[in-house]
Amino acid sequence: GTTMPCVHYGLRGICYFMAEVSGPTRDIHSGRGGPVQEPLGELVRLLDSLVDPMSGRILVPGISEMVPPITAEEHASFQDVDFDLEDYK
């Protein structure tokens, strides 16, 4: 439609990253807090550190600077949209 907002040039949240975690070539029982950390546990801690759980804000340093600012033309294109965020909530 012409009066309701819609995504017309991109999608929010589409990013691809790759992380490779490796560990010992044989089983090592590290127990809780042992000298050898489990690779899966380390991966979970890494992933958990990327986003603030309360705000959803991305915590990766410098990532916000990689997002180009909205242009005046883009901003103007949204002025005629008949949408009230409070009504939507």
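**Exercise 1. Place Ser 49 in the fold, and say whether it is buried or exposed or in between.**

Solution. Start with the element: Ser 49 sits in the loop that links H1 and H2. Keep in mind that we're working with a predicted model. Next, check the accessibility: Ser 49 has a relative accessible area of 40%. Buried would need under 20% and exposed over 50%, so with its 40% Ser 49 is partly exposed. Finally, look across the loop for Leu 59: the two residues are 10 apart in sequence, and their C-alpha atoms lie 7.2 Å apart in space.

**Exercise 2. Find the nonpolar surface patch that includes Val 51, and describe where Val 51 itself sits.**

Solution. First, list the members: Leu 46, Leu 47, Leu 50, Val 51, Ile 58 and Val 60. Together they offer about 460 Å² of accessible area. Now zoom in on Val 51, which belongs to the loop between helix H1 (39–48) and helix H2 (72–77). Then ask why Val 51 can count towards a patch: its relative accessible area is 38%, which makes it partly exposed, and patch members need over 30%.

**Exercise 3. How many salt bridges are there, and which side chains form them?**

Solution. Step one is the count, and it's short: 1 salt bridge. Step two is the pair: Glu 42 and Arg 45 meet through their side chains, with 2.5 Å from N to O. Some background helps here: side chains of opposite charge can pair when their charged atoms come close. Step three is the spacing. Glu 42 and Arg 45 are 3 residues apart in helix H1, so about one helical turn separates them. Step four is the surroundings: Glu 42 is partly exposed at 35% relative accessible area, and Arg 45 is partly exposed too, at 48%.

**Exercise 4. Work out what Val 21 touches beyond its sequence neighbours.**

Solution. Begin with the location: Val 21 lies in the segment before H1. Then set aside everything within four places in sequence; what's left in contact with Val 21 is Pro 39 and Leu 43. Take Leu 43 a bit further: it is 22 residues from Val 21 along the chain, yet the C-alpha to C-alpha distance is 6.8 Å. Val 21 still has some open surface, being partly exposed with a relative accessible area of 37%.

**Exercise 5. Sketch the whole protein from its elements, its burial and its contacts.**

Solution. Count the elements: 3 helices and 0 strands, running α-α-α from the N terminus. Next comes burial: of the 89 residues, 3% are buried. The accessible surface adds up to about 8,700 Å², and carbon and sulfur atoms hold 58% of that. For contacts with a separation of 6 or more, 42% join residues 24 or more positions apart.

**Exercise 6. Decide which helix has the highest mean pLDDT and which the lowest.**

Solution. Get the overall picture first: the average pLDDT is 79, and 79% of the residues score at least 70. Then go by element: H1 has the highest mean, 88, while helix H3 (residues 85–88) has the lowest, 78. A word of caution to finish: where pLDDT is low, the predicted coordinates should not be read in detail.

How values were computed
Residues are numbered from 1 along each chain as its sequence is written. This is a predicted model: local features need pLDDT of at least 70, side-chain atom pairs count only at pLDDT 80 or more; totals for chains, interfaces and linings use all residues. Side-chain values use heavy atoms; hydrogens and water are left out. Patches are made of residues with over 30% relative accessible area and no salt bridge: like charges are joined within 9 Å, nonpolar side chains (Val, Leu, Ile, Met, Phe, Trp, Tyr) within 5 Å. Accessible areas come from the Shrake-Rupley method with a 1.4 Å probe; for residues, only the protein chains shown count as cover. A salt bridge is a side-chain nitrogen of Lys or Arg within 4 Å of a carboxyl oxygen of Asp or Glu. Helices (H or I, at least four residues) and strands (E, at least two) are DSSP runs, numbered from the N terminus. Buried means under 20% relative accessible area, exposed over 50%, partly exposed in between (1.4 Å probe, protein chains only). pLDDT is the predictor's confidence in each residue, from 0 to 100. Contact means heavy atoms within 4.5 Å.
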